[in-house]
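Reader: Could you walk me through how to read a model like this one? I'd like the general idea each time, then the case at hand.

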Amino acid sequence: METLKYFLPQVWFVILALFLFLYVMLDGFDLGVGILSLTSSDDERRGILMTSLSNIWDANETWLVLMGGGLFGAFPLAYGTILNALYIPIFVMVFGFIFRGVAFEFRELSRRKLFWNFAFGTGSFIAALGQGFALGAVLKGINVDETGHFIGSTWDWLSLPSVLVALTLIQGYVLIGSTYLVWKTTGDLQETHYKTAKIAALTTLIGAIAITISTPIIYESVRSRLFQQPLVYIFTLIPVLGVWLIWQLWQSLNRKEERAPFVWTILLFVLSFIGLGLIVFPYIIPTEITIYEASADPSSLVIMIIFIGFLIPVMLFYNLYQYIVFRGKVTGHNYGE
Amino acid sequence: MEFLSDSVVLSRMQFALTAIFHILWPVLTTGMGIYLVIVEGLWLKTRNPDYYLHARFWSKFYVLNFGIGVATGIPMEFQFGTNWAPFSEAVGNFFGSVIGFEASWAFMLEAAFLGIMLFGWERVNPAVHYLSTILVAVGANLSTLWILTANSWMQTPAGGEMVNGKFIVHDYFQAMFNPFMANSVLHMFFATLETSLFVIGGISAWYILQKRHPEFFAKSLKIVLAAAIAVAPLQIYIGHLSGEQVYHYQPTKLAAMEAQWESTPAGQAADWSLLAIPNEKVQKNDWEITIPNALGYILEFKQNLSEPLHGLKEWKPEDRPHLVGLIYYAFRVMIAIGFFFAGLMLLSTVQWLRGKLSAKNITQQRWLMLAWVFAAPLGYIAVESGWIVRCVGRQPWTLYGQIRTVDAASRLPASNVLTSLTAFAIVYSLLFIAAIYFGSRIIRRGPNLNLPIPGTEITKAAVDTTPGEFVPDERPVEAQQ
């Protein structure tokens, strides 16, 4: 039983990290494309951008719903505390999702497309902003009492470091959105997004460097974690690898490769995620409550593994199948009949 | 305006508001998914292009409603954490897992195959497309299954006990198959089906009244009719079973539904109040029309009650639901609509059997068609009323008999909740207006009857009967058997 109490929360930590990663990667490019649509020069281009997402945004967003449900079931204390603390960023994100989601349906049926284009773009931006602040706030730490309940105040999430994290996350989304568009489009539009990808690669790099340097300086807890043996080697390796990946990405953009930039960006996301995971683990509310303290009963975790675990490969399969069905370049700018 | 500074009341209002709006959309898509499976199946079976065009036309409503349903549904999940953190922590062991199951079993399935269902007509073969349509419908209905499992458990918490403020599960299957579960799932399943059928039927009747493509829409009306003949009476029966369960398991709710202030001991007959003005202050009905001795027949099909019927006065005011009038009338509205549907069904079936619904005669059935148009929004009203009875009637408990609503809410600054509540009220109202506006635009445009039929070459191959070239069998005669 004791081993189970140790082992099961770890399994769920990994499953939730997987869901969150899939979400950040997949809806990341959706949100990036949405933000980029705000800079599109004309309506036809915005139409193509939305078409490139029309059949997938919903499934991509579902990974977050799945992460939320999983967190609720596996770490109820963390679910309550974190969402309670992040009341404002969460609702900012939720309203962003609402505008983004309905824009797809309403734009198709509307004669005045401009308004819904705008709703799509700003909705994506607002959702990304809310997520960025949420991430920043979780990394900064949430003010809780000894039982793990939130005792901070409404605006705790807002700080200079969380602004930095939010801006960097938005840049990261714009980067993956740009490389996705390089992959899915042709001609002028593709040319434009080779450029936006380069700009975003630079701004993301600057943000990442700023975060990497400032975090251990500002946060004592992170500092002690980073310089712990043997993790310190990994934490030195991550920025080095990150710079190498951005260099590879840059070159593939120069060579006008179509798919490689997207793949390099995904690898960058994987790397950042591993870094984040290692900083956070074994905490679920960093540096206050561990996964073992916040987890549901072992029997609950087992039931959830039975009911959700075997579906993970199935869900991956039918998402993949969907991408196969709709492979190839985006052609039109209308996504319905 | 005292409630404006009470974050618990505001959180309740926010949950109620978002739930009341959100349910409008999935209630249609869940039932309509099944309808789309039926018409696409009819198309594949008969190859009559009309059925294909029906699938395409009605799927426009599907996608409009689906999009808004997703957009308005996501806040529901997050609210458990933001506004109901103590509840989430207390019941995470069971309730949280079920919310996770909904996302993985239902939502992902629906989301992943919806794209293929809507945009994949030319990209996958008909069998795969049909499978996608079926999986979308299955996904939507699995959502009903999981959400109603979770909600039923809040009504009749089973399978464990509260230990130190946390629900510890002893038996997951007992918790899942809690006393309310099966009936609640069925009741909601039929509610979504009935609502969608009457929306489709109502819109079809509107076209018939307008004499726009009457023969095309007579088809959809008949499909609806064929399905609803079974559904409407079954729903009344399932509803009855649900009422009987409330009688056994949630006495406070039953007393509010029936505005019964005084108790009736077992073995006696009780009057049934048909219409009343309940007054919570003086704890009686100011005015009422009752049917003597009828309540026993309604609950158990016999005059004398086999269990005592507890009146509201038996509980202290803080232990029983408020808004008795709302619960009482919501319940009656739901029942009236259920019977109206069954009556309309019966009448339409009679006319069908008399041959009055043929493409030639149907445009003359003016009153019947008007009744169908009138019926179109009623399903929604019935569903909302039912949910009001179910969830307002559960008060003051969030987890019936275990966790009070006041203890379930997060401690939040009221201004935060007021801000988010206001934002929801504005945004959801705008979405509602937009949905009606764009929905009616789809109706005014009507079906596109000139759509190319996909896979016609596949059809040809399937029915190809031209004899192939004769190839003489050159094997030895012995091997030619």
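Author: Let's begin with naming: helices (H or I, at least four residues) and strands (E, at least two) are DSSP runs, numbered from the N terminus. With that, Ala259(B) can be placed in the loop between α8 (251–257) and β3 of chain B. Some ground rules: this is a predicted model, where local features need pLDDT of at least 70 and side-chain atom pairs count only at pLDDT 80 or more, while totals for chains, interfaces and linings use all residues. Residues are numbered from 1 along each chain as its sequence is written, chains are lettered from A and ligands numbered from 1 in the order in which they are written, and side-chain values use heavy atoms, with hydrogens and water left out.

Reader: What is the phi of Ala259(B), and is Ala259(B) buried or exposed?

Author: Phi of Ala259(B) is near 50 degrees, a positive value in a residue other than glycine. For burial, we use relative accessible area with a 1.4 Å probe and protein chains only: buried is under 20%, exposed over 50%, and partly exposed in between. Ala259(B) has a relative accessible area of 4%, so it is buried.

Reader: Which other residue outside glycine has a positive phi near 55 degrees?

Author: That's Lys211(B), with phi near 55 degrees. Lys211(B) sits in the loop between α6 (181–209) and α7 (214–249) of chain B. Its relative accessibility is 57%, so Lys211(B) counts as exposed.

Reader: And where is Gly165(B)?

Author: Look in the loop between β1 (160–163) and β2 (166–169) of chain B. Gly165(B) counts as partly exposed because its relative accessibility is 48%. The C-alpha atoms of Gly165(B) and Ala90(B) are separated by 6.2 Å, although the two are 75 residues apart along the chain.

Reader: Now hairpins. How many bridges join β3(B) to β4(B)?

Author: Two strands pair if DSSP finds at least two bridges between them. Here seven bridges join strand β3 (residues 272–279) to strand β4 (residues 284–291) of chain B, and the strands run antiparallel. For register, Trp272(B) stands opposite Ile291(B) in β4(B). The two strands form a hairpin with four residues between them, and Gln283(B) in the turn has a positive phi of about 55 degrees. When you look at side chains, remember that in a regular strand they alternate between the two faces of the sheet.

Reader: Next, helix pairs. At what angle do α3(A) and α14(A) cross?

Author: Axes are lines fitted to C-alpha atoms, for helices over the stretch in contact, and angles run from 0 to 180 degrees between N-to-C directions. Angles under 35 degrees count as roughly parallel, over 145 as roughly antiparallel, 65 to 115 as roughly perpendicular and the rest as oblique. The axes of α3 (residues 57–74) and α14 (residues 311–325) of chain A come within 11 Å and cross at roughly 160 degrees. That's why α3(A) and α14(A) are roughly antiparallel to each other. Contact means heavy atoms within 4.5 Å, and the residues of α3(A) that meet α14(A) are Ala59(A), Asn60(A), Trp63(A) and Leu66(A). On the α14(A) side you'll find Met315(A), Leu316(A), Asn319(A), Gln322(A) and Tyr323(A).

Reader: How does α3(A) lie relative to α2(B)?

Author: Their axes come within 10 Å and cross at roughly 20 degrees, where α2 of chain B spans residues 49–82. That makes α3(A) roughly parallel to α2(B). Contributors to the contact include Trp57(A), Leu64(A) and Phe72(A) from α3(A), and Phe66(B), Ile74(B) and Phe80(B) from α2(B).

Reader: Which residues of α13(A) are buried?

Author: In general, an α-helix has 3.6 residues a turn, so residues three or four places apart point the same way. In helix α13 (residues 298–309) of chain A, the buried residues are Pro298(A), Ser300(A), Leu301(A), Ile303(A), Met304(A), Phe307(A), Ile308(A) and Gly309(A). They pack against α1 (2–37), α3 and α14 of chain A, together with α3 (85–119), α4 (126–155) and α5 (172–176) of chain B.

Reader: Last one: where are the cis peptide bonds at Pro282(A) and Pro396(B)?

Author: The bond from Phe281(A) to Pro282(A) is cis, with omega near 0 degrees, and Pro282(A) is in the loop between α11 (260–280) and β1 (283–285) of chain A. In chain B, a cis bond joins Gln395(B) and Pro396(B), with omega about 5 degrees. Pro396(B) lies in the loop between α12 (378–392) and β5 (397–399).
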